[in-house]
Amino acid sequence: MKQFKPSLLTLALATTGLVSGYSYAAEEGADTEVEEVIQVRGFRASLIKAQSLKQDNSSIVEAITAEDIGKLPDSSIAESLARLPGLAAQRLDGRASSISIRGLGEDFSATTLNGREQVSLNDNRGVEFDVYPSEIMSGVVVYKTPDSTLMTQGAGGTIDMQTVKPLAHGDRSLSFSLRGEVNDIGALNPDGEDTGWRGSASYIDQFADDTIGVALAVAHMSSPNNEERWNSWGYPGSFIDANTNEVTSEAMIDPDGVPDSGDEISNHPVLGFGGAKPFVRSSNLTRDTLMGVLEFKPNDNIHIVLDALYIDFEDEKILRGIEIPGQWGVWDGGFASGIDYTKWEGDFLTEGTVEGVRGVLRNDYELRKAELFAAGANIKVAVSDSWTVEADLAISQTDRQVWSMESYAGSGRGNSRGVSDNIKFEVLPGAEGIKFTPELDYSDEAIFKMGGALSWGDGNPLVDGGDDQDGFINRPEIEDDLTTLKLTATKTFDSGIFRKLDVGVYYSDREKSKVDVGDFLTLKGFATADGTVLDEDFMLSIPDEYKLAPVSLDFIGMGDMVAYDSFRFYQDGNYLATPENLTTTGRWNNTWSVSEKVTTAFAKLDLDTEVGSTVVTGNVGVQVVRTEQSSSGYNSWVEGGLVEKQAISDTYSYTEVLPSLNLSAEVADSQYVRFGLARTMSRSRMDRMAISGGATFDSVKNIPGATLATSPWGGKFGNTALRPLMADQLDLTYENYFADEGYFATAFFYKDLSGWQQEMPRYYDFSGLEAPEGQVPETNEGYITSWENVGDGSVRGLEFTVSLGGSLISDALEGFGTILSATYLDSEVSFSYDVPGTADENGKLQTVDVSYDVQGLSDRVYNATVYYENNGFEVRVSMRKRSDFLGEVNAISFTRTPVNVKGSEIIDAQISYDFSEAGIDGLVVSLQGQNLNNEAFVTEFNRGVGDVRDYQNYGRNFLLGLNYSF
């Protein structure tokens with residue numbers, strides 16, 4: 001007797017609408033008795049679908065799929081991506097944000113939405129994944145090897161986020177979700193939040209005999225995040241006196257890091273406390289999203305899909321803390337009168353007292369707002385039985401504005417006014433920072449008032465005298481616009497090795513611009529708008545209407561500190577705001593526009609044949625990519641105390657040929673050996689291509705007979721002629737799909753890198769620039785610093801993955817399962833360059849050899865998930881772990897700066913119950929816990945030394961929610 005028993009894969013697809021109209025009919029004439037069927041839902045269904053996508057793809061991919069729209073396995077796309085083999089996430093403000101693929105960070109990977117390139121909110125191309133809500137996504141596919149129809153590629157790979165196709169969904173559905181969120185570290189600022197909520201609703205339907213499909217989704221998120229951050233200025237080197245076994249002023253290395261001849265030095269160097277800027281941060285990320293898809297398929301020959309996405313994004317941060325000078329405060333400017341070290345351990349001075357110090361009380365605020373819009377139209381028409389043509393037109397746009405404000409308070413204006421403090425300090429174990437013991441009460445409003453606390457520098461040059469900077473605000477703006485058009489013709493073949501031919505052309509036009517603005521802020525009681533000082537001792541008692549309850553800095557031992565609403569104080573016009581770009585060149589150096597026009601011709605042949613008894617599938621193809629890039633900006637310099645500027649521009653074009661080959665051989669039943677060979681590229685960061693910069697002219701060097709080696713010219717500029725990072729890559733994998741809910745995979749890959757970018761000196765022709773008034777250059781040749789394509793390198797690695805359902809071991813383990821993966825990576829980048837001005841008597845320049853690891857690469861990445869899902873219950877615990885790596889964080893004006901990031905291990909968990917088992921179809925209640933082990937984010941100045949730059953403690957997040965669909 002034959003019996004029909006659908007596989008778990010078929011059942012999972014059927015329950016989620018990917019298989020519609022499926023009938024469990026028995027074969028004609030057979031007994032129609034059907035065995036009991038286990039219906040697979042939830043996380044297991046998602047795993048089975050993702051496994052099917054991976055198995056059926058001729059390229060090497062990883063996949064995440066949702067059981068239904070709004071039901072991705074994690075609360076953010078980045079968290080889900082970080083669990084995939086070979087991928088890892090870097091956290092930003094406690095949230096997984098940027099993604100590395102096979103050790104290559106966000107600069108070297110591409111991100112698309114429904115196959116289309118996306119703009120970004122930052123200065124470069126890297127997409128911040130916390131901008132995109134998981135609630136609107138139906139899945140994500142990560143291409144580790146490309147094919148020639150994949151227009152947006154990266155040396156690391158391509159991440160394609162996908163929205164739902166309503167006709168493929170198969171059924172009408174309404175879905176709602178609501179989740180409350182709490183941050184267990186608490187609201188660390190008096191005006192901060194530690195609770196938030198997320199909600200979404202979606203509607204999917206089909207009309208006109210399933211020829212028209214509609215999908216609509218709306219999502220809102222208000223997500224809190226709080227942080228205790230230890231932030232160090234750095235650790236100056238010192239020596240312990242060989243005679244007294246004490247650290248004395250005579251034993252200190254001078255600020256230049258070189259001991260003077262009179263210093264008494266033992267052979268025991270140590271690192272001391274240079275200064276710190278610890279603070280507490282309260283953030284709230286608010287995001288509103290609208291998504292719509294209209295699909296029209298009147299017959300088998302015409303298929304049209306229109307989709308649009310709008311995201312309104314707002315990230316507010318409140319930061320308060322005390323900036324405490326240490327050893328560098330003693331050396332530079334007299335910010336402290338002295339420092340007395342009393343204890344050291346190993347290489348670190350661990351206890352002491354900073355004497356006569358005046359701390360700067362910071363009430364800072366940051367608001368980042370952005371709107372993102374993406375829309376596309378895809379039209380596919382079958383013009384004959386064997387020919388199909390397709391057109392895809394899309395736009396992606398974003399407009400980002402930032403207000404990043406510093407507001408200062410203290411006991412007096414400048415270095416010598418007001419009450420000073422003697423602050424004891426003790427270095428905490430485990431890189432957690434320093435615990436302070438102050439003598440003053442920093443919540444005493446009679447002592448601490450608003451105003452410039454220290455003379456950090458010249459401050460506002462337009463104000464007479466000094467000590468005039470009472471705050472500062474950065475106000476950069478970014479606009480990013482992208483239009484793409486892809487035309488494809490497809491020919492299918494009825495016989496032969498090749499099954500399909502795709503040929504086409506792709507065009508993209510992208511323009512990204514940045515306007516960098518920053519203002520000195522001066523209290524109106526100190527000076528007038530024309531710069532006249534009214535009262536050089538002026539400090540402002542905090543006005544009642546802006547006063548807040550004191551903020552606690554107990555995590556560093558400083559007790560309570562005065563707090564006020566600095567941004568509202570600024571908005572109400574209580575500061576004099578003087579643009580910094582009137583007197584300094586940096587803002588003009590960071591103001592630019594970059595345009596990029598790309599034309600790509602491509603062809604791909606799909607093959608499907610047999611070699612002996614082995615089925616071989618795959619594709620072979622090529623792209624010819626023509627790029628025309630240009631940039632406009634400013635050359636700026638200071639003359640007579642004010643900035644002079646000159647508009648400059650540059651253009652560059654190049655052509656690259658990118659071949660690709662993907663082969664997949666089914667060497668045994670559901671066992672595949674896959675091979676990939678390709679050349680890929682990652683386009684340069686756009687802020688590096690920006691031409692803006694500043695030329696310098698040293699009149700002392702402008703002497704008769706000046707040459708390139710002795711030129712008075714110098715400076716720093718961007719480089720519009722930067723070419724992409726190229727990668728020739730080889731991939732080899734073995735995949736064994738031994739069950740619908742289980743597989744094993746191992747992979748080896750190698751990427752040979754060329755065109756690595758490094759900031760370094762290069763020759764420059766200054767003839768198009770203006771020399772200072774009254775100067776006639778002896779030569780227009782010289783050297784500048786800019787980003788260059790100079791390095792070569794490699795990345796190689798091994799990946800191991802196993803997914804195992806418990807029922808494969810024993811029926812008693814039905815519903816249990818685990819997913820384990822491990823990635824081992826190695827990399828090196830090296831280059832050499834000649835140092836200008838170091839010629840010997842033979843004219844030979846000094847050559848410097850440099851080598852380092854690739855940015856974003858951890859040499860070990862591990863992921864583990866254990867789950868149980870049965871009878872409506874689902875329990876899942878996940879761990880992701882990565883070793884140390886070179887990452888990036890935001891610096892001044894939201895430019896990105898590299899930092900050494902310590903490895904981390906993060907544990908998340910989720911428990912849920914599907915009330916369908918209790919007769920309430922469509923209702924699921926869930927509880928999620930994120931960062932349950934309270935893992936901190938730690939960066940170092942020097943890797944492995946222990947000189948901690950940041951120690952960021954975020955606490956844990958918990959989300960309680962429900963989903964209802966019908």
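## A tour of selected strands, a patch and a helix

Start with strand β42, which pairs with strand β45 (residues 904-914) in the antiparallel sense over ten bridges. Keep in mind that this is a predicted model.

**Stop one: β42 and its partners**

Select phenylalanine 873. Its bridge partner in β45 is tyrosine 913. Now color β42 itself, residues 873-882. Which residues lie on its covered face? They are Glu874, Arg876, Ser878, Arg880 and Arg882. The uncovered face holds Phe873, Val875, Val877, Met879 and Lys881.

Next, add strand β41, residues 860-870. β41 and β42 also pair in the antiparallel sense, over ten bridges. Select glutamate 869 and look across to β42. Glutamate 874 is the bridge partner there. Then go to the turn of this hairpin, where two residues sit between the strands. Pick asparagine 871: this residue takes a positive phi near 50 degrees.

**Stop two: a negative patch**

Turn on the surface and select Glu371, Asp399, Glu477, Glu479, Asp481 and Glu511. Together they form a negative surface patch. Which strand gives the largest share of the patch? Strand β24 (residues 477-492) does, with three residues.

Now single out glutamate 371. It sits in strand β18, residues 360-382. Is glutamate 371 buried, partly exposed or exposed? It counts as partly exposed, because its relative accessibility is 41%, and that class lies between 20% and 50%.

**Stop three: methionine 689**

Move to helix α8, residues 686-689, and select methionine 689. Its relative accessibility is 1%, so it counts as buried; the cut-off for buried is under 20%. Add asparagine 719 to the selection. How far apart in space are methionine 689 and asparagine 719? The distance is 4.8 Å, C-alpha to C-alpha, although 30 residues separate them in sequence.

**Stop four: a five-strand sheet**

Finish at an open sheet of five strands. Its order is β1-β6-β7-β4-β5, and the pairing is mixed. Why do β1 (61-65) and β5 (116-117) each have one side without a neighbour in the sheet? Both stand at the edges, each with a single partner strand, so one side of each is left free of a neighbour.

Zoom in on β1 and strand β6, residues 139-143. They pair in the antiparallel sense over five bridges. Select valine 61 as your last residue. Opposite valine 61 stands tyrosine 143, in β6.

Definitions and conventions. Residues are numbered from 1 along each chain as its sequence is written. This is a predicted model: local features need pLDDT of at least 70, side-chain atom pairs count only at pLDDT 80 or more; totals for chains, interfaces and linings use all residues. Side-chain values use heavy atoms; hydrogens and water are left out. Buried means under 20% relative accessible area, exposed over 50%, partly exposed in between (1.4 Å probe, protein chains only). Helices (H or I, at least four residues) and strands (E, at least two) are DSSP runs, numbered from the N terminus. Two strands pair if DSSP finds at least two bridges between them. Patches are made of residues with over 30% relative accessible area and no salt bridge: like charges are joined within 9 Å, nonpolar side chains (Val, Leu, Ile, Met, Phe, Trp, Tyr) within 5 Å. Accessible areas come from the Shrake-Rupley method with a 1.4 Å probe; for residues, only the protein chains shown count as cover. A salt bridge is a side-chain nitrogen of Lys or Arg within 4 Å of a carboxyl oxygen of Asp or Glu. Lys and Arg count as positive and Asp and Glu as negative; His and the chain ends are not counted. The place of a charge is taken as NZ of Lys, CZ of Arg, CG of Asp or CD of Glu.
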